[in-house]
Amino acid sequence: MTNKITTFFLSILFLLTSCSESIHSPHELLEEYAENGRRKINSPFTGAVLIAKDGEVAFKHAYGYSDRENEIPNQIDTRFPIGSITKQFTSMLVMQMVGNGTIELSDPLSQHLSYLPESFADQFTIHQLLSHTSGLPHYPGLFRSVINSDEFAETAYTPKELALLVSKVDLIDEPGTTFHYSSLGYMLLGALLEEVSGLSYASLLELKITQPLGMGNTGFATNAYIKEETAKGYAFVEDETFMMLFKKYGGEFENVKFRDQSNKYSTGGMHSTVEDLFVWSEAIKNNTLLNQSLTEQMLTANKQGYCYGWIKNWDELIERNTNARMITHGGALFGHRSSITLFKDGTTIIFLANVNPIKDTELIHQLYLATHQLPDTFRMKGYPDRSSLKVFEGAGGISAFNHYFNTLSDLSGYDVLPSESSITHLMYLYGEVGNVKKVDSIKLAYFEDYDPSEGNINRLAYGLLEDNCELAVDFFRENAARNPNSPNVWDSLGEGLLACGTKSEAIQYFEKAVELAREQNDLSLEVFEKNLSKARS
């Protein structure tokens, strides 16, 4: 009932606001987002934005508060944690070492971090760490088998301790074969930089990048500095009841947990300002810190468009504007969101926000349109309407669906695969009308063409569970068959069966999950035991 009420009031709000005047400038757009961003970019915008054309600043402004409790406003020179934009700086430091002959991209990690287990560090190269093709997982791989997320966020590590912690994770794919975004890989690169140079990561940044460029508000700092000298982070939580009508933004800003700087490190621990990041962007374009050949190598797309610390022709932006080409990267932390995008036509868009979540692709796209006074008419054409099977089939069905993503791949310059939500929805639509043959064909294509990970299969299955129980269980079973040593997949299979009313079989798989978790000292053992206990009751 609550969701229906919320939808009703949202519809009224949309009708009331959709008749407002068109937004003609970046400032008008951002003022609208600062007030009504919940409906458009997921949160009211609070932060700073800088836009440049051909090396000249065309617009810069700050919005909202850096400290809401004390009503301290954001300024254009407010420092923000920048999250994974840090990876750009880590990549630059690595490429500078490549340039002076200290290291080579083909070097195995074991050649420079001898304190790591050789069986781990000998598996991948510096290039594979930079391009996210090492086979290392992202944070969930660490949290699933090594340490829980809360403990990790609160713990201080030396670079060596952090690298040794990462060395305990299992690879999720053979190095060099597939792209898997992994912040863990960039932690290892930070440890490598320190080991080879004999300097701290913070000192390297200052010596090789920020001091030469005059970026006085940028660096890697202590916990105390981040708490006292940068914009405080907030999470925006939308109110899903009728009370949203009586709240200024339709929700509330909540304080977020603080994460120790030492574990954000070379993968996400830096801070900066929009003005400093503009200086950085110009240095990239002008080969100021790296010669042209190495800069081009750093910005060459690898699998799925990922370069070294940059993404080339991000498909989610290409979908919104098929004429645009760019290099970009964003960052996300507890309560912060950031992005730097360099368009090929000379447009630079940088935003730093102290609120999350933010729909960054929409924000960047609309700022680009506002900057160039363009109508929003450049989106990819031909994507089938998936609201119903009848409409979908009328729009061309699977053929149109595949054509859309083939075209997007051509525009982006790398293979772009349909999202899991798209695949899930198609199977749901066909399952809804009982076309088992078509569902099975899509399932087969999904497993053969995508080679999905354990986590991806699980997410897809849970997404199907409410509407198509039988199909969801099929995916849970397939996941268990593919990953028989994972206690988590057996626990998920148990949950799926329990939701479908097959209690006795569910208990059997909950028991298997507990058994495997005990053998492996899995950190989720307590969760699995609780699920088993509930199923038995």
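C500 is partly exposed, with a relative accessible area of 29%. Here buried means under 20% relative accessible area, exposed over 50%, and partly exposed in between, calculated with a 1.4 Å probe on protein chains only. The model is predicted, so local features need pLDDT of at least 70 and side-chain atom pairs count only at pLDDT 80 or more, while totals for chains, interfaces and linings use all residues. Residues are numbered from 1 along each chain as its sequence is written, and side-chain values use heavy atoms, with hydrogens and water left out.

**The disulfide**

The structure holds one disulfide, a term that stands for a pair of cysteine sulfur atoms within 2.5 Å. A disulfide is a covalent bond between the sulfur atoms of two cysteines. In this model the bond is formed by C469 and C500, whose sulfur atoms are 1.5 Å apart. The link of C469 and C500 is left-handed, with -120° about the S-S bond. C469 lies in helix α22 (residues 469-482) and C500 in the loop between α23 (487-499) and α24 (503-520), so the pair ties together parts that are 31 residues apart in sequence. Helices (H or I, at least four residues) and strands (E, at least two) are DSSP runs, numbered from the N terminus. Like its partner, C469 is partly exposed, at a relative accessible area of 24%. Another cysteine, C307, is buried, with a relative accessible area of 0%.

**Salt bridges**

The structure holds 19 salt bridges. Each is a side-chain nitrogen of Lys or Arg within 4 Å of a carboxyl oxygen of Asp or Glu. The table includes three of these pairs.

| Pair | N to O distance |
|---|---|
| K60 and E275 | 2.5 Å |
| E69 and K232 | 3.3 Å |
| K530 and E526 | 3.7 Å |

The salt bridge of K60 and E275 links distant parts of the chain: K60 belongs to strand β2 (residues 56-63) and E275 to helix α13 (residues 274-285), 215 residues apart. Both residues are partly exposed, K60 at 39% relative accessibility and E275 at 26%.

The salt bridge of E69 and K232 joins two loops. E69 sits between β3 (65-67) and β4 (72-73), and K232 sits between α11 (223-229) and β7 (234-238), so this pair ties together parts that are 163 residues apart in sequence. E69 is partly exposed at 44% relative accessibility, and K232 is partly exposed at 34%.

K530 and E526 are four residues apart in helix α25 (residues 525-536), and are therefore separated by about one helical turn. K530 is partly exposed at 49% relative accessibility, whereas E526 is exposed at 52%. Elsewhere, R320, E362, D376 and R379 are joined into one network by salt bridges that share partners.

**Strand β13**

Seven of the seven residues of strand β13 (residues 347-353) are buried, so the strand is largely enclosed by the rest of the structure. Both of its faces are covered, with T347, I349, F351 and A353 on one side and T348, I350 and L352 on the other.

Two strands pair if DSSP finds at least two bridges between them. Strand β1 (residues 47-53) is joined to β13 by seven bridges and runs antiparallel to it; within this pairing, A52 has T348 as its bridge partner. Strand β12 (residues 336-343) also pairs with β13 in the antiparallel sense, over six bridges, and S338 stands opposite L352. β12 and β13 form a hairpin with three residues between them, and G346 in the turn has a positive phi of about 95°.
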